[in-house]
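Trainee: Could we go through this model together, one region at a time? I would like to reason from the geometry to each answer.

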Amino acid sequence: MNKLREGKMDWNAIIEQTLHTTKANIARFEDRFPHVGNGNGKYQLVDHTDWTEGFWPGILWLSCEYGEDSNIREAAVRCTHSFQARLAEHKNLDHHDIGFLYSLSALAQWMVERDEAAKITALQAADALMRRWRPTLQLIQAWGPEHDLQNAGRIIIDCLMNLPLLCWATEQTGRSAYAEVARIHADKSLKFLVRGNASSYHTFYFDPESGDAVRGGTHQGFQDGSTWSRGQAWGIYGFALAYRYFEEPQYLDTAIRMARYFIDRLPDDHVAYWDFDVPPTALTPKDSSASAIASCGMLEIADQLSSDDPRREFLLDAVRRSMDSMVQGYFTKGNPDEEGFLRHGSYFVRGGIAPDDFVIWGDYFFLEALMRLNNGRPGYWYEPKREKQ
């Protein structure tokens, strides 16, 4: 890997190594989905039971676009097809992560292949996400059914990444309601989830009857007042995408301020700890997935800044440092004994669930960042101009 240190990083060589892992995983995973690592270099596999299943077809579609491999394409189509049945049965969809599930599966297939059935599925998924909208509270409820005692009136920062599905649905149908819901929820997230110093709450609670603000808190962070690094990364990328769709300056400004907060608090190897306020020790888990997500978000911001804007080079330099570190110290480099791309991700540290292991979203966003750096392919959160006919 010494050639990766010589001048410009060879992103092609790194992507090729991810393809080796992906091709092996197609046979290993069959019709199941990788979720988090099992501690032994392998993934725990699940059926359509969680919020993470979309990241595997997302990896397949990105890999298919890069390599035009018929076996990868067949796996991507087969995998994506299963999402239609899940939607029809409304199977494990009482949450807002419908965007994560369907942007990277059905919407990805539509973007790559212009498959009409996939487009219909993606639009139906947008309708399902709209059913999470609570008009009295003016928010998309994160988890649970409408009158859930614990979760009614609860939003979480992750939802910013689900909003692009709604914006795309407005573009496709001309129905403004989808994007209007996304804009209102983004505004509420900016007001209540982002603190004055550009740090973030993971979650915020509103009174389910009156809609009054109650408190900020966390589910997966160190403590209620801390800044969970993956949540901060969702904010960076989510507000950058909100600016992409709505062109409202406060979204871009927020994304940049959140990125600066993230960058300024990175350790020496430029890969985030799992929470920015946890006391760092030799045993404190990192979250490489947070740094992969943040890298994608910073690349999205940079794509929207002029070439002479000094903030652009600041962000690109941070991405290069983080990606170089992940390639050198976290990437499995196509090792046949490891099923993930990126070591040292964390899922739920306080809950003891995969605190230091592979996490499938980390692999997806690592590959998306590589694709952005290699050829500008931005993933499946919006349709690049070159694809609009």
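Mentor: Let us begin with a term for the sheet: two strands pair if DSSP finds at least two bridges between them. Please keep in mind throughout that this is a predicted model.

Trainee: With that criterion, what is the order of the strands in the open sheet of three strands?

Mentor: S5 and S6, the latter spanning residues 203-206, pair in the antiparallel sense over three bridges, and four bridges join S6 to S7, again antiparallel. Both pairings therefore satisfy the requirement of at least two bridges. The open sheet thus has antiparallel pairing and the order S5-S6-S7.

Trainee: Which strands stand at the edges, and by how much are neighbouring strands turned against each other on average?

Mentor: Strand S5 (154-156) and strand S7 (213-217) each have a single partner strand, so one side of each is left without a neighbour in the sheet, and these two stand at the edges. Between neighbouring strands of this sheet, with direction ignored, the average turn is 20°.

Trainee: Which residue in S7 does Tyr205 stand opposite?

Mentor: On the S5 side, Ile156 has Thr203 in S6 as its bridge partner, while Arg154 stands opposite Tyr205. On the S7 side, the residue that Tyr205 stands opposite is Arg215.

Trainee: How do the side chains of S6 point, and are they buried or exposed?

Mentor: In a regular strand the side chains alternate between the two faces of the sheet. In S6, Thr203 and Tyr205 point one way, whereas Phe204 and Phe206 point the other way, and all of them are buried.

Trainee: Which residue in the turn of the hairpin formed by S6 and S7 has a positive phi?

Mentor: The hairpin of S6 and S7 has six residues between the strands. The residue in the turn with a positive phi, of about 85°, is Gly211.

Trainee: Turning to residues other than glycine, is Glu30, with its positive phi, buried or exposed?

Mentor: Most residues other than glycine have a negative phi. Glu30 has a phi near 50° and lies in the loop between helix H1 (11-29) and strand S1 (33-37). Because its relative accessibility is 60%, Glu30 counts as exposed.

Trainee: What is the relative accessibility of Gln138, and where does Gln138 lie?

Mentor: Gln138, although not a glycine, has a positive phi of about 60°. Its place is the loop between strand S3 (133-134) and strand S4 (139-140). Gln138 counts as partly exposed, because its relative accessibility is 32%.

Trainee: How do the axes of H9 and H11 cross, and what is the handedness of the crossing?

Mentor: The axes of helix H9 (residues 229-246) and helix H11 (residues 288-303) come within 8 Å and cross at roughly 25°. That angle makes H9 roughly parallel to H11, since angles under 35 degrees count as such. The crossing in which H9 passes H11 is left-handed.

Trainee: How do the residues of this contact divide into nonpolar, polar and charged?

Mentor: Among the residues that meet are Trp234, Tyr237 and Leu241 in H9, and Ile293, Met298 and Ile301 in H11. The residues of the contact divide into 12 nonpolar, three polar and four charged.

Trainee: Finally, which residue in H9 is in contact with Tyr273?

Mentor: Tyr273 is found in the loop between helix H10 (249-264) and H11. Leaving aside neighbours within four places in sequence, its contacts include Pro267, Pro280, Thr284 and Asp287. The contact of Tyr273 that also belongs to the H9 residues meeting H11 is Ser229.

Notes: Residues numbered from 1 in each chain as written. Predicted model: local features only at pLDDT ≥ 70, side-chain atom pairs only at ≥ 80, totals over all residues. Heavy atoms only, no water. Axes fitted to C-alpha atoms, helices over the stretch in contact; angles between N-to-C directions. Parallel < 35°, antiparallel > 145°, perpendicular 65-115°, else oblique. Left-handed = near helix turned anticlockwise from the far one by under 90°. Contact = heavy atoms within 4.5 Å. Nonpolar A, V, L, I, M, F, W, Y, C, P; charged D, E, K, R; others polar. Buried < 20%, exposed > 50% of the residue type's maximum accessible area, 1.4 Å probe, protein only.
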